[in-house]
Amino acid sequence: MTNVADSPILSLTMLGAGQEVGRSCCVLQYRGKTVVCDAGIHPAHSGMASLPFVDELNWSTVDAILITHFHLDHAAALTYITEKTNFKDGKGKVYMTHPTKAIYKFIMQDYVRMSSSLNDSLFTSLDLALSLQNIIPVSAHQLISPCPGLSFIPYHAGHVVGACMYMIDIVGLKVLYTGDYSREEDRHLVKAGVPPIRPDVLIVESTFGVQNLEARDVKEHRLVSLIHKIISRGGHVLLPVFAIGCAQELLLILDEYWRAHSELHDVPVYYASNLAKKGMAVYQTYVHTMNANIRARFARQDNPFIFKHISHLPQTRDWVRKVAEGPPCVVLASPAMLENGLSRELLELWAPDSRNGLIITGYSVEGTMARDIVNGPEEVISLKGIPIPRRLSVNYIPFSAHVDYAQNSEFIEQVNAQHIVLVHGEKTAMARLKGALQTRYSNRDDVEVHTPRNLETLKLNFRGERVAKALGKLAAKLPQQDSIISGLLISKDYTYTLLDPQDLPKFTSLSTCVVTRRQTIAIGVGCSLIQWHLEGMFGYVETGRDTDDRVVMRIMDTLVIRKLSPHELCLEWDSNASNDMIADATIALLLAIDSNPASIKKFHFGDVKLLTVDDSPWILVQVDGSEASINVSTLVVNSDHEVLKSRVESVLNMAVTTISSLSESYTSGERRLEICH
């Protein structure tokens, strides 16, 4: 294996939900990839003011938008982004789970209808339909790769049906984005688990800050006791809820309580939402995503979402006033923030009567009526701007499926990320949670806690590692320390594989080929001289003959030389870096043979004999029947053949020049010049 280190930077920018709750939108940018997590609106605002800061991003560069769940503050801005920005100019894709897409469709249709009635719509129903066509549904634990270098896996997040957290892998950097999540198993949902992969960065909600909530059984007892008390005094009970989500949990609790208390059988419990009625069909379709208790009941043909004591409120003409003026009842109505719609109408009708009661069961965003009324104002302002005295009781019993401090801090510790980024929390609550976490990890230098504001880009440095996996023959033997592994490094989708060339077709769609090179050169010497020079350079030269009886020489088992004719050679070799180097050296040697002094010394004459005459060494040279003798001591040449004598003298001068040093050659040259003068 091989490791290649670098120091890339992850840029994280909150276009919403930075030190606030609402319009969740987190942008991750790393090594040329851009991922957006969630695209919601702010429930305390309307129109363009409710959107994330969408103008701060070039949406055509986005590779993927990941939606965690169907709540408006996490998903309602998606259609605006896909249809009103330049998102479609790029190659980005949108993902959410199957249940989320099914319920998102109904919620957004209702949202468009409500916005149109208030003349404050961001997009049309046609825009919504076009946007829905481009949403890709995924399943929990499914590995998805939108483009090379980017992949993600959804994990169950609890919170609502279909909600997920995303483990995102961007070129090896792992980021876990939780969205809204719950670590407490309720009556129908599984709790969020800890992903098996340790991320480098954890982006986690901080909704409740350092607040610890009551145990579930305590909350349930408080809720049903309070409802029973309000009904006993002749009042009406209003439970403002999200149409789909926490409402289903409350319906299960109330239906079970009504079954156990016969004195309440004549008191109706209404679920006032057409959207909720559509959503119940989705709940029954995706029962396999719920907890073991719900799955077991379905297996027994016992559908827990067919309620015996709860009915859908018929929305006939003036139905709201008829319910408000009728006998005691319980109404679950949306929206949860009491900004408009059915829940707001009932609040304005029931607020003056002290027998009535309002129970806030979910988290209330700052700036909404639900948050303001918990503080106990003496009056509420109607949608028409008229003050209404508030005499009904107001209680807050949180059933929203968010983690409290104990659950959140435990999850953060188990995930064990190097960087903890807190989002989806009000500034004060987030600051307190940051302080608590910093105290918790005060003895660790490797953990950092961040609380970015909206549009504040957080830059995180990492020592990235790229790992190449050795496969096939290279992986057959375990390498030793400091050993060198040689092979082909294959890069695909930012993953690296090291292979023996012979394994390439087996593990990839690639194949290998061999480039055989041939070079023909003209030469005027015989094979013996060629072999002599080659042996001088390479040490050993294998010789033989081919099927055509031509002389063949093989050098270092890589280069083959064939004698095509008396004056023509053909060199052949398989091209690669080392073989090409051997071939280049051989060609250079062969082209210089004719002018090489060593060639002249060895092969310009025939038989050469060493003789001793009068105790002096002589060399006898014989060429074509003529002889020349050379006195070794004086280098004097004697011969009756003047041409041969001249030729031998020339060779001797070349030999002397070859073996002499540069200084000797220079000195002798000066002497020759003096003699000439």
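This tour moves through the structure stop by stop, naming what to select and what is found there.

**Confidence across the chain**

The model is predicted, and a sensible start is to colour the protein chain by pLDDT. The average over the protein chain is 87, and 92% of the residues score at least 70. Select strand 1, residues 2-6, where confidence is lowest, at a mean of 36. Then select strand 5, residues 64-66, where confidence is highest, at 98. The pLDDT is below 50 over residues 1-7, a stretch that has 19 contacts in the model beyond near neighbours in sequence. It is also below 50 over residues 665-677, and that stretch has 2 contacts beyond near neighbours in sequence. Where pLDDT is low, the predicted coordinates should not be read in detail.

**Strand 2 and its two partners**

Select residues 9-16, which form strand 2. Of its 8 residues, 7 are buried, so strand 2 is largely enclosed by the rest of the structure. Next, add residues 457-461, strand 23, which runs antiparallel to strand 2 and is joined to it by 5 bridges. To find the pairing on screen, select Thr13 and Thr457, which stand opposite one another. Now add strand 3, residues 25-30, which also pairs with strand 2 over 5 bridges in the antiparallel sense. Here the residues to select are Met14 and Cys26, which are bridge partners.

**Strands 5, 6 and 7**

Return to strand 5 and display strand 6, residues 93-97, with it. Strand 6 is mostly covered, with 4 of its 5 residues buried. In which sense do strand 5 and strand 6 pair, parallel or antiparallel? They pair in the parallel sense, over 3 bridges. Leu66 and Tyr95 in strand 6 form one partnership to display. Strand 6 is also paired with strand 7, residues 135-138, in the parallel sense and over 4 bridges. Selecting Thr97 and Val138 shows two residues that stand opposite each other in this pairing. In a regular strand the side chains alternate between the two faces of the sheet.

**The cavity**

How many cavities of 30 Å³ or more does the structure hold? It holds 1. The largest cavity contains about 40 Å³ of space. To surround it, select Ser24, His74, Tyr177, Thr178, Gly179, Asp180, Ile203, Val204, Glu205, Val423 and His424, which line it. By type, the lining residues divide into 4 nonpolar, 5 polar and 2 charged. Strand 12, residues 201-205, gives the most to this lining, with 3 residues.

**Helix 10 and the cis bond before it**

Select Ser334 and Pro335 and display the backbone between them. The peptide bond from Ser334 to Pro335 is cis, with omega near 5°. Pro335 lies in the loop between strand 16, residues 330-333, and helix 10.

Continue to helix 10 itself, residues 341-350, which is mostly covered: 7 of its 10 residues are buried. The buried residues to pick out are Gly341, Leu342, Ser343, Arg344, Leu346, Leu347 and Trp350. An α-helix has 3.6 residues a turn, so residues three or four places apart point the same way.

**Thr361, a buried loop residue**

Select Thr361, in the loop between strand 17, residues 357-360, and helix 11, residues 369-374. Is Thr361 buried or exposed? Its relative accessible area is 1%, so Thr361 is buried. Show its surroundings next: leaving aside residues up to four places away in sequence, Thr361 touches Leu223, Leu239, Pro240, Val241, Cys246, Leu250, Ile397, Pro398, Phe399 and Ser400. Leu223 is 138 residues from Thr361 along the chain, and their C-alpha atoms are separated by 9.0 Å.

**Two loop residues with positive phi**

Select Gln301, in the loop between helix 8, residues 292-299, and strand 15, residues 310-312. Gln301 has a positive phi of about 65°, although it is not a glycine. With 72% relative accessibility, Gln301 counts as exposed.

The final stop is Asp549, in the loop between strand 28, residues 541-545, and strand 29, residues 551-555. Asp549 has a positive phi of about 60° and is not a glycine. Its relative accessible area is 52%, so Asp549 is exposed, the cut-off for that term being over 50%.

Notes:
Residues are numbered from 1 along each chain as its sequence is written. This is a predicted model: local features need pLDDT of at least 70, side-chain atom pairs count only at pLDDT 80 or more; totals for chains, interfaces and linings use all residues. Side-chain values use heavy atoms; hydrogens and water are left out. pLDDT is the predictor's confidence in each residue, from 0 to 100. Contact means heavy atoms within 4.5 Å. On a 1 Å grid over the protein atoms alone, a cavity is a set of points where a 1.4 Å probe fits but cannot get out, and a pocket is an open set with protein on both sides within 12 Å along at least five of seven lines; lining residues have an atom within 4 Å of a point. Grid points are joined across faces, edges and corners, and a volume is the space filled by probe spheres set on the points. Ala, Val, Leu, Ile, Met, Phe, Trp, Tyr, Cys and Pro count as nonpolar, Asp, Glu, Lys and Arg as charged, and the others, Gly among them, as polar. Buried means under 20% relative accessible area, exposed over 50%, partly exposed in between (1.4 Å probe, protein chains only). Two strands pair if DSSP finds at least two bridges between them.
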